[in-house]
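Open the model in your viewer and keep the sequence panel visible. The stops below go from the sheet to the helices and then to the cores.

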Amino acid sequence: METARVLVAADKFKGSLTAVQVAERVTAGLRRVVPGLAVETLPVADGGDGTVAAAVAAGFERREARVTGPLGDPVTAAYALRGDTAVVEMAEASGLQHLPDGVFAPLTATTYGSGELLKAALEAGATTIVFGVGGSATTDGGAGMLAALGARFLDADGKPVAPGGGPLATLAEADLSGLDPRLKDIDLVLASDVDNPLTGPKGAPEVYGRQKGASEEDIAALDAALTHYASILGPDTAALPGAGAAGGIGYGALVALGARFRPGIEVMLDVLGFAPALARATLVITGEGSLDEQTLHGKAPAGVAAAARAAGIEVVAVCGRLALPPEALEKAGIRRAYALAELEPDPAVSMAQAGPLLEQAAESIARDFLTG
């Protein structure tokens, strides 16, 4: 019989466990049932928050920079570097985690710090930059990011337009001639799990504005301002897939920085070295906090399962909450899912006790798939 070798390639359980902690807990549970089991861990992310942590866990060096947060205050942001490849996560600079509880700034939050973080990666010698976007507090179309990299956005009086998406309604001129010249010589990969356009019914303000504190009036104002912004930066560019990612920072990266859009989980699996790890495995365990309809649209577990299925390797999943029927799991390439909610139905308790519960779930996986 082939010696079992398990690859744990799961995303974070948002609000309770990092991807690294998920891997540690699953490993502990498996080995309680099968002592000495060969387990390889590869924490994964899909370009959103947790992407830098996944890169660091895979051997990248963690670097930090002081940058401008979404409200204009300085924040410390991390990126990851290995050789001439950097992984930059916009949420580190411009994410919702930098907003005080209950404080939102839908019209004025800026991505300026994300531009500063990209600049830090350039200064460190990166020639390939994986730019993971998601979890943003911003809806400024990437204007702040571009300003940090040397672009100028001016109103009719020739004065700089104020930060945020709302003030872009007053934009009269976009001067990109001062953009950092090093940007021309790098490979900038926009890694995102969403392919929304910039504006319209599926655009950044309408689909994501409310979670950033935008009222219906704010959403209408942001949509109009970003439509105007796109008309100045380039006709017919607002509909580019991925333009609406992270409050439209995708748009700025695609149109002004020459980025190429790729599904975040595909990029990250490449960067993290998933293929060689998969080749060594006989069983893959993936997962995230909630396995639901969104999972099937470019989230980490779906990407992991698709790659494993293509290689003929069985996949099971762990999750906090399971909202997919067995047929949807099967279609995604997941043989079975183990939800913490089955062990502890109270969501608050389940989140608080996620670590021990996950070890229990892993014990069940070991008994079901690894013992005779």
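Contact here means heavy atoms within 4.5 Å. The model is predicted.

Start by selecting Ile129. Leaving aside neighbours within four places in sequence, Ile129 is in contact with Ala86, Val88, Leu118, Ala121, Leu122, Ile186, Asp187, Leu188 and Val189. One of these, Leu188, is the bridge partner of Ile129 in strand 9.

Next, select residues 128-132 and 187-192. These are strand 6 and strand 9, which pair in the parallel sense over 5 bridges.

Now show the whole sheet. It is open, with 6 strands in the order 3-4-5-6-9-10 and mixed pairing. Strand 3 (61-68) and strand 10 (260-263) are at the edges; each has a single partner strand, so one side of each has no neighbour in the sheet. From one strand to the next, the twist averages 30°.

Add residues 112-123, which form helix 4. Helix 4 lies across strand 3, strand 4 (74-82), strand 5 (85-89), strand 6 and strand 9, and runs at about 140° to strand 3. Then add helix 8 (residues 245-256), which lies across strand 6, strand 9 and strand 10 at about 155° to strand 9.

Which residues have the most contacts inside the largest nonpolar core? Select Ile129, Phe131, Leu146 and Tyr229 to see them; the core has 52 residues. Helix 8 supplies the largest share of this core, 7 residues.

For the last stop, select Ala55, Phe60, Val284 and Ala317. They are among the 41 residues of a second, separate core. In soluble globular proteins, nonpolar side chains tend to be buried together.

Note on methods:
Residues are numbered from 1 along each chain as its sequence is written. This is a predicted model: local features need pLDDT of at least 70, side-chain atom pairs count only at pLDDT 80 or more; totals for chains, interfaces and linings use all residues. Side-chain values use heavy atoms; hydrogens and water are left out. Two strands pair if DSSP finds at least two bridges between them. Helices (H or I, at least four residues) and strands (E, at least two) are DSSP runs, numbered from the N terminus. Axes are lines fitted to C-alpha atoms, for helices over the stretch in contact, and angles run from 0 to 180 degrees between N-to-C directions. A nonpolar core is a set of buried Ala, Val, Leu, Ile, Met, Phe, Trp, Tyr and Cys residues joined through side-chain atoms within 4.5 Å. Buried means under 20% relative accessible area, exposed over 50%, partly exposed in between (1.4 Å probe, protein chains only).
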